[in-house]
Every structure is written in structure tokens, then in C-alpha cells.
Amino acid sequence: MSTAVEERKEELIHDLNNLGVSQTSDGRKLTEVSLYTLEWTNVTEQDKAARALGDKS
């Protein structure tokens with residue numbers, strides 16, 4: 001049975017993979033890090049993507 005934490009981690013890993021991210025900024029695999037690290041990585045990568053879109057305008 002999946003827990004809410006495991007489900008959220010899977011969701012974040014999926015979202016990060018869609019952004020082309022397969023590891024954290026320090027080189028760890030997404031499957032090896034905590035939920036907190038995944039959340040932080042997601043926020044960072046979403047910010048990078050938004051800034052990249054803003055630069056094109």
C-alpha cells in the first residue's frame with residue numbers, strides 16, 4: 001500500500017523527469033532523496049523553466 005509521501009514523491013519524480021531532470025543539483029538520483037529535497041528541486045526547476053520562458057518574450 002502506498003503512503004501519501006510515496007505517492008507525492010512519485011508525482012514529483014514524474015514532473016521533474018518531464019522537465020528533463022534526472023538528478024538533484026548535487027548529483028543524487030531522484031529516487032534516492034527525501035520528499036523535502038524533491039520538493040525543493042521541483043521548485044528550483046520550475047523557477048528555471050519559468051525564467052527561461054520569460055527571457056524569450
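Buried residues account for 21% of the 57 residues in the chain. The model is a predicted one. The chain exposes about 4400 Å². Carbon and sulfur atoms supply 51% of that exposed area.

The secondary structure comprises 2 helices and 0 strands. Along its principal axes, the C-alpha trace spans about 45 × 20 × 15 Å. Contacts between residues at least 6 apart in sequence were also examined. Of these, 51% join residues at least 24 apart. The chain carries 7 positive and 11 negative charges. The mean positions of the two sets are 6 Å apart.

Threonine 37 was considered in detail. This residue lies in helix α2, which covers residues 35-56. Its relative accessible area is 16%. Threonine 37 therefore counts as buried, because the cut-off for that class is under 20%. Threonine 37 thus belongs to the buried class, which makes up 21% of the chain.

The surroundings of threonine 37 involve residues outside helix α2 as well as a polar partner. The side chain of threonine 37 makes a polar contact with the side chain of serine 34. The distance for this pair is 3.1 Å. Thr24 and Arg28 are also touched by threonine 37, with residues up to four places away in sequence left out of the count. In summary, threonine 37 is a buried residue of helix α2, with a side-chain polar contact to serine 34 and contacts to Thr24 and Arg28.

Conventions:
Residues are numbered from 1 along each chain as its sequence is written. This is a predicted model: local features need pLDDT of at least 70, side-chain atom pairs count only at pLDDT 80 or more; totals for chains, interfaces and linings use all residues. Side-chain values use heavy atoms; hydrogens and water are left out. Helices (H or I, at least four residues) and strands (E, at least two) are DSSP runs, numbered from the N terminus. Buried means under 20% relative accessible area, exposed over 50%, partly exposed in between (1.4 Å probe, protein chains only). A polar contact is a pair of N or O atoms within 3.5 Å; within protein, one must be able to donate a hydrogen and the other to accept it, and residues adjacent in sequence count only if both atoms are side-chain atoms. Contact means heavy atoms within 4.5 Å. Accessible areas come from the Shrake-Rupley method with a 1.4 Å probe; for residues, only the protein chains shown count as cover. Lys and Arg count as positive and Asp and Glu as negative; His and the chain ends are not counted. The place of a charge is taken as NZ of Lys, CZ of Arg, CG of Asp or CD of Glu.
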